[in-house]
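Please open the model in your viewer and keep the selection tool ready. The tour below moves from one selection to the next and says what is there each time.

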Amino acid sequence: MMESMEEESASAASQQCPPPPFSWFLCLSLCLFVAASVMIFKNNKKKLAAAPAPQRPPSPPGRGSSWWWCVLETMAFVADNSSGRGFYHFVQTRHRRYGGPCFRTSLFGHTHVFVSSPDAARALLLSGDGDSSSFSKRYVRTVAELLGSHSLLCASHARHRSLRRALAPLFFNPHATASLTATFDALTRSLIQSWSSSSQPSSTVVVLDAALGITFEAIVRGMLVGTLSDDKLRRMQSDVLAVTQAMLAFPLRMPGTRFHAGLQARERIMDVLRQEIASRRRVDINKTDRCNDFLHSLLRIGSLSDDQILDNILTLIIAGQVTTATAITWMLKYLADNTHLQESLRSVQLELAPKHRDSPLTLQQLNGMDSAYKVGGERILKDGHYCFLVSKGRTPGLPGFHIKKGWIVNVDARSLHYDPTIYENPTMFDPSRFDEETKANSFLAFGAGGRTCLGMNLAKMMMLIFLHRFVTTFRWEMADDDPSLEKWAMFPRLKNGCPLHLTPI
């Protein structure tokens, strides 16, 4: 009995004794391994966080897109555009501030990048030619709303290609070109004859007002919508002016604001065009050629909706009338400031004048006016416009810079044309620079690739007609040298409208 109790006591004692030293060592090693692993993981995580991200190009120089900066920049943009300096002053100031080929800012709720590098500009304009392009085209919000979502200038990439295919044949139709040439030449001769009869011995005329009038009538009645009455034509011209003046206004829809007035003017233009479409549909448009104009052709195509037709008729009016009249005005202004060039051009054009003084100019005759063409090219060079492209977030974007998805990239042709590394003495009016071929990617006044202006040749033709008729009839000088620009103008033009003293030859 005693032996049994001793054996049980010994067994219990053996169960309570501590485990062998090896077990403790194993547990301690496991704990140390876990702790070391955690420390190594944390250390590597810190190194990874501290390591630089994969290299990518920097964003263009400039400020971010915070709401307060957007408000400040938009107000500065609108202020310059509503002053006598024009919104180009806003752009030029920031080009000088940031330097380099581009800068970034925030306008009207979007981040904008302004580009003035010739290679980058050309690449951007050509990037819209393929389905996998990095950019699509878009204008600032105010322009897009006033022209309409179906406008060729504001449509998405796919719709732009479709619209361009529908409209392009109309611009290259020989009958339409000859008709516009004859109409504009007749209007120009009538205008100059009226000025000649009042020039005793000299008189003063305001060129811009007259140029806007005859270009509007030629484009609308001679090409786009040939059946509008005189009263509708006058009211539409006034409404088109209101639309253009609202394009860069602050986007407030409140009554009394410029933008609201522009939207109302657009609706009145749309109402006139809708009435015209309804009137033509009351007859069989496929069996009559009584209105052989652009509207008639677009209705017969049948592939475009009414909204597409309406938006693009308005777009063609503004793109044709305003830009061409402005170009004509600046041509005469620069020749008034450079009388030796005016006399040189006159001597060349007078040699051509006896052949067709009292007869309409033909396309063949216009194509032979090399000196006048160079004057027109130099004028256009001084006033390049913008093409607005929206990044889709694909690569390649802007060479050398990172462009985020949704940023609007503005191809700044004006700054490019005034770059002294591209054009010698760019501020000097020198048509002889076109004696030699221009550098590649340096002349983008009419765009490039699939974004080339469809009406480019028609605009050149009207400029040549007006310049030839004018320079062979008058000598002229500026009646007011005020260089201030017109407020709210989408395209820069003189506030005084370019008043000239005319002296008949």
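What follows is a walk through a predicted model, beginning with its nonpolar cores.

Begin by selecting Trp195, Leu224, Met236, Phe466, Phe470, Trp476 and Leu500, which are the residues with the most contacts inside the largest nonpolar core, a set of 114 residues. Next, select helix H13, residues 306-337, which gives this core its largest share, 17 residues. As background, nonpolar side chains in soluble globular proteins tend to be buried together.

Stay in this core and select Trp476, whose contacts, leaving aside residues up to four places away in sequence, include Leu332, Leu335 and Ala336, as well as Phe470, Leu500 and Leu502. Polar or charged names also appear among the residues that Trp476 touches, including Gln342, Arg346 and His501.

Now turn to a second, separate core of 14 residues, where you can select Cys102, Ala120, Ile403 and Trp407, which are among its members. Trp407 is also one of the residues touched by Thr111, together with Ser65, Arg104, Thr105, Ser106 and Ile408, when residues up to four places away in sequence are not counted. Thr111 itself is found in strand S2, and Thr111 counts as buried because its relative accessible area of 8% is under the 20% cut-off.

Next, select Phe108, in the loop between strand S1 (102-107) and strand S2 (110-115), where Phe108 has a positive phi of about 50° although it is not a glycine. Is Phe108 buried or exposed? At 10% relative accessibility, Phe108 counts as buried.

Finally, select Cys498, in the loop between strand S7 (474-478) and strand S8 (499-504). Cys498 has a positive phi, near 65°, while being a residue other than glycine, and Cys498 is buried, with a relative accessible area of 0%.

How values were computed
Residues numbered from 1 in each chain as written. Predicted model: local features only at pLDDT ≥ 70, side-chain atom pairs only at ≥ 80, totals over all residues. Heavy atoms only, no water. Helix = DSSP H or I, 4+ residues; strand = E, 2+ residues; numbered from the N terminus. Buried < 20%, exposed > 50% of the residue type's maximum accessible area, 1.4 Å probe, protein only. Contact = heavy atoms within 4.5 Å. Core = buried A, V, L, I, M, F, W, Y, C linked by side-chain atoms within 4.5 Å.
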